[in-house]
Amino acid sequence: MLSDADLLRLPLADLTALARVVRDGAHGRRVTYSPKVFIPLTMLCRDRCGYCTFAKAPARLASPYLTPEEVLAVARAGRAAGCHEALFTLGERPELRYPVARDWLDAHGHASTVEYLAEMCRLVAEETGLLPHANAGALFADELARLRAVSAGQGMMLESLAEGLAAHRGAPDKAPARRLATLEAAGELAIPFTTGILVGIGDDRAGQLAALRAIASSHGRHGHVQEVIVQNFLPKAGTAMARAEPCPPGDLQWAIAAARLVLPPDVHVQAPPNLSDELGALLDAGIDDWGGVSPVTADHVNPERAWPALDVLRGATEAGGHTLAPRLTLYPTFALDPGRWLDPALRFAVLDASDAEGLARDDAWCSGGEAHPPALLDAPSAPAAGRGGAVAEVLAGVALGHEVGPAEIVTLFGARGPEVRMVAEVADDLRRRAVGDAVTFVRNRNINYTNVCTFKCRFCAFSKGPLSLNLRGAPYLLELDEVTRRVAEADAEGATEVCLQGGIHPDFDGDYYLHVLEAVRAGSARIHIHGFTALEVTEGARRSGVPLAEYLTRLKEAGLKTLPGTAAEILDDDVRALICPDKINSEEWLEAHRTAHAVGLRSNITIMFGSVERPASWARHIVRTRALQRETGGFTEFVPLPFVHMATPIYLQRKARRGPTFREALLMHAVARIAYAGDIDNIQVSWVKMGAEGARQLLRAGANDLGGTLMDENISRAAGAQHGQRMGVEDLEAIVAPLGRPLVQRSTLYALAGAASGA
Ligand code: SF4
């Protein structure tokens, strides 16, 4: 830890170099921003700060406060533009100075500005899903607590601890003791908190260090300071400080670097991008966050300084070798620990806006939905070579033939912007070398013989049981004659595979699955029978009272050829405890497939991702299945299944995310291609969940197979997927044709039948 004397003595270049090392060590090359709208609830303020143009006299305002309708109009516009945060900015306690403010509050039934603010936070959260962030100045503990119940974070600039600054003359709420008391009370209440210093209002560097050390000290006690804004003073016409010198860029860089070196590394350091002309200099000084950037509203505190357009911000960030990621009003550390940091009323809104890392969802796409996926692979490629960063380091290792372990896999899942394209390019190259350019598919038919199930998987919208939360559809059990009829029909239509999966009906005994196989055989002697999950065969063996190997041998002798990998979900028992607590555990799934491979039945691996788990669980799943593949060689393919959330019990109970983002889904295919290289050659896209446009992009990111034509797909549809129950070969050709690659029919075991299209 550098002393104040060191910080004051070191040359700026040395200081910023040290700050960059600390920043990169704690936050890597990722720089965040919060897409938000600004809601100036009232521009009246009882304080008179020498630099402020935000506060207005009542005569200059049409109304003392925004009405609820005006507040909602701004929030809704932000929602439509992809924002996640509603930042309420307002003056401090105007009702203590202006009768017009007091009268307005009385007329509208509010005891105070803070009470009205709380009401507007609640309204915005309920009506729009935006996460309120309240910036109401120096508050008392009861006021902070009231706002905690309706906001996902709060903020107050400390500005300076210097007593008697001319800038703060006439501003009782800017008294340092008052600001520090607010910061401390916010910590005691476990409020994710934003604070900061204002550089250039008369404080010297020693004073700035004192303010930063006071913030660090409060954070040390409570862990609540998410970020510290280092803001440069700019003089504004019409203010008492109109003729004061603006904060020199070098002083701002010094203060940013000092903040980075004084504050604990987990506290983020931010500088507003609209108050500086040189964005690269801010990055070089050690920031890792740009703060709020609005596509909708002006910066009401600095209206003369427009927000940079997002692509300008992205360009500046990437030019410095960084990647840009949207965040929520609360940072991932806080979003991923809601029990400590969030009122229960806010927890689902945060979850619903989050991706798997606890950052903001970066697109409106969701699996099975109708929104178009973003074109992640077609953005102009930023110069990749020499970028550095953890993702580039892992990819460099891959190029040298190094195996990726759990930590490297998690790093790859964190790729953003140009890094996503880098991962996809490596995966695409590995795909080409492993299996060439052919895009394969199998003609198959799904038969889900029953949707009645004794299990209570919380992500499952398909099953119907006595405790089922989902009332869509009726319970059914197909007659075996109907199974035979469907198989014969599929055979006649050219299907080479029938895929059998269903619920675990309470009346089934182990022989039921043998009867199903007989029924299939009666419909076609030649069709490949791909059926029965690890759960079904484990239950079948248990209900038959025979060892699993013996039961699987019986199924094989009755005609079963391969097992689907479904029921794997996530092979991480901490996650299974949340999403499928009564299902087989990870080891039982692995053991079922190990045993199947031992008796000569091959199978595939699935992963259902995007509900509650984090990338570390995806990595565990991949590494565990890769180890089994090295042991048995029995897996034919890896099939990522993005969670389709719409009608699932766990989402309807407000306990899951809305599936993966498109970036996460793309990376799942690409990272799997890299992690399984040399072990599993086939990476399949589920068109049911990804849609045609999404599937096409994934075929450029490591995937080589489109799965089955799937007459009668029921399971994703039950969860709300919109992409149809069946794909004709012509539909698959439409996906593949723009890629200039041939579409080739395959068998279940990847024997190629010849090109279905000649591209
Ligand atoms: S996922 Fe399978 S086992 Fe779980 S409830 Fe649905 S049908 Fe039953």
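Which residues does L555 touch, not counting residues up to four places away in sequence? The views below start there and then move around this predicted model.

**View 1. L555 and its contacts.** Leaving out residues up to four places away in sequence, L555 touches Y513, L514, L517, F532, V537 and L560. L555 also belongs to the largest nonpolar core, where it is listed with V423, L500, F532, W589 and L706 as having the most contacts inside that core. So F532 turns up twice in this close-up: L555 touches it, and F532 is itself one of the core residues with the most contacts.

**View 2. Two nonpolar cores.** Pull back from L555 and you get the largest nonpolar core, with 124 residues. Helix α26, residues 662-675, supplies the largest share of this core, ten residues. Apart from it lies another core, this one of 84 residues. If you want to find that other core, look for L72, A101, L209 and V262, which are among its residues.

**View 3. Around the ligand.** Here we zoom in on the ligand and the residues around it: C453, F455, C457, F459, C460, S463, G503, L535 and K583. Sorted by class, this shell has six nonpolar residues, two polar ones and one charged one.

**View 4. The second largest pocket.** How big is the volume of the second largest pocket? It comes to about 620 Å³. The lining is made of 26 residues, and A26, H27, G28, R30 and E357 are the ones that lie nearest the pocket's centre. Several elements give two or more residues to this lining: α2 (12-27), β1 (30-42), α12 (332-335), α15 (390-399) and α16 (406-413). Of these, α2 gives the most, with four residues. By class, the lining is a mix of nine nonpolar, ten polar and seven charged residues.

**View 5. E95 in its loop.** This close-up is set in the loop between β2 (85-90) and α4 (99-107), which is where E95 lies. Is E95 buried or exposed? E95 counts as buried because its relative accessibility is 13%, and the cut-off for buried is under 20%. Setting aside neighbours within four places in sequence, E95 is in contact with Y65, A101, R102, L105, S112 and T113. One of these, A101, is also among the residues of the 84-residue core. For a sense of scale, the C-alpha atoms of E95 and D352 are separated by 36 Å, and the two residues are 257 apart along the chain.

**View 6. R93 and Y750, two residues with positive phi.** Most residues other than glycine have a negative phi. R93 goes the other way, with a positive phi near 40°. You'll find R93 in the loop between β2 and α4, and R93 is buried, with a relative accessible area of 14%. Y750 has a positive phi too, near 70°. The place to look for Y750 is the loop between β18 (743-746) and β19 (752-755). Y750 is buried as well, at a relative accessible area of 15%.

**View 7. H597 in helix α23.** The last stop is H597, found in helix α23, which covers residues 586-598. H597 has a relative accessible area of 12%, so H597 is buried. Neighbours within four places in sequence aside, H597 is in contact with R602, S603, T632, G634 and F635.

Note on methods
Residues are numbered from 1 along each chain as its sequence is written. This is a predicted model: local features need pLDDT of at least 70, side-chain atom pairs count only at pLDDT 80 or more; totals for chains, interfaces and linings use all residues. Side-chain values use heavy atoms; hydrogens and water are left out. A residue is near a molecule or strand if one of its heavy atoms lies within 4 Å of it. Ala, Val, Leu, Ile, Met, Phe, Trp, Tyr, Cys and Pro count as nonpolar, Asp, Glu, Lys and Arg as charged, and the others, Gly among them, as polar. A nonpolar core is a set of buried Ala, Val, Leu, Ile, Met, Phe, Trp, Tyr and Cys residues joined through side-chain atoms within 4.5 Å. Buried means under 20% relative accessible area, exposed over 50%, partly exposed in between (1.4 Å probe, protein chains only). Contact means heavy atoms within 4.5 Å. On a 1 Å grid over the protein atoms alone, a cavity is a set of points where a 1.4 Å probe fits but cannot get out, and a pocket is an open set with protein on both sides within 12 Å along at least five of seven lines; lining residues have an atom within 4 Å of a point. Grid points are joined across faces, edges and corners, and a volume is the space filled by probe spheres set on the points.
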